[in-house]
Amino acid sequence: MTLFAPKASLVVRKDLHPAIQDLLLSAAVKIHSGVGIFQQAGRFPAAEGTDLPLSDEAAQFYKSGLPLLQRHFPFWMASLIGRLLVLLVPIVALLYPIMRFLPALYGWLMRGKIAQLYGELKFLEDETDTTQGSRR
């Protein structure tokens, strides 16, 4: 027997945070994707037959599932790791050239110290030469 009924839709505002959209979609999948009396497995939530535009996050969710970090970590940890990555990438981008420059800077400083020591040594040699010359 074929039944006719309106399709259920999961609708959110445009300004809802993308992470919350992912959480809502994953919760809907966990709760409603099983087999029921009126549905086949995996039929809800689905992005088919709707007049409303699909958000970018929902399109990405239907295409490839949850974001990579949320697949392997709890939401709070995935969010923290994502924020840390956003923070660490510019820091690493700055530290890499600095770390490449540090050995050259260290060599330059050591050459300066060695040159200073050679200057003092030259001064001592000149002083010993003058004192030995006056003794003769």
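In what follows, a residue is called buried when its relative accessible area is under 20%, exposed when that area is over 50%, and partly exposed in between, with a 1.4 Å probe and protein chains only. The structure described here is a predicted model, in which local features need a pLDDT of at least 70 and side-chain atom pairs count only at pLDDT 80 or more, whereas totals for chains, interfaces and linings use all residues. Residues are numbered from 1 along each chain as its sequence is written, and side-chain values use heavy atoms, with hydrogens and water left out.

The chain contains four helices and zero strands, so that, read from the N terminus, its elements follow the order α-α-α-α; here helices (H or I, at least four residues) and strands (E, at least two) are DSSP runs, numbered from the N terminus. Of the 136 residues in the chain, 9% are buried. The surface that the chain exposes amounts to about 11,800 Å², of which carbon and sulfur atoms supply 66%, the areas being obtained by the Shrake-Rupley method with a 1.4 Å probe, and only the protein chains shown counting as cover for residues. Among the contacts (heavy atoms within 4.5 Å) with a separation of 6 or more, 41% join residues that are 24 or more positions apart.

Helix α1 has 15 residues and reaches 21 Å from its first C-alpha to its last, which is close to the 21 Å expected at 1.5 Å a residue; the expected span is 1.5 Å times one less than the number of residues. The buried residues of this helix are A19, Q21, D22, L25, S26 and A28. D22, which lies in helix α1 (residues 18-32), is buried yet has no salt bridge, and the nearest side chain of opposite charge, that of R71, is 9.8 Å away. In this assignment Lys and Arg count as positive and Asp and Glu as negative, while His and the chain ends are not counted. When residues up to four places away in sequence are set aside, D22 touches E57, F61, L66, P67 and Q70. The last of these, Q70, is found in helix α3 (residues 68-72) and counts as buried because its relative accessibility is 17%. With the same exclusion of residues up to four places away, Q70 touches D22, F75 and A78.

Side chains of opposite charge can pair when their charged atoms come close. A salt bridge is defined as a side-chain nitrogen of Lys or Arg within 4 Å of a carboxyl oxygen of Asp or Glu, and by this rule the count comes to two. In one of them D15 pairs with R13, the closest N and O atoms being 3.1 Å apart; D15 is exposed, with a relative accessible area of 59%, and R13 is exposed as well, at 61%. K122 forms a salt bridge with D126, where the closest N and O atoms are 3.8 Å apart. Because K122 and D126 are four residues apart in helix α4, about one helical turn separates them. K122 is partly exposed at 47%, and D126 is partly exposed at 36%.

A nonpolar surface patch of about 1,200 Å² is made by W76, L80, L84, L87, L88, I91, V92, L94, L95, I98, M99 and L102. Patches are made of residues with over 30% relative accessible area and no salt bridge, like charges being joined within 9 Å and nonpolar side chains (Val, Leu, Ile, Met, Phe, Trp, Tyr) within 5 Å. W76, one of the patch residues, lies in helix α4 (residues 75-135) and counts as exposed because its relative accessibility is 57%.
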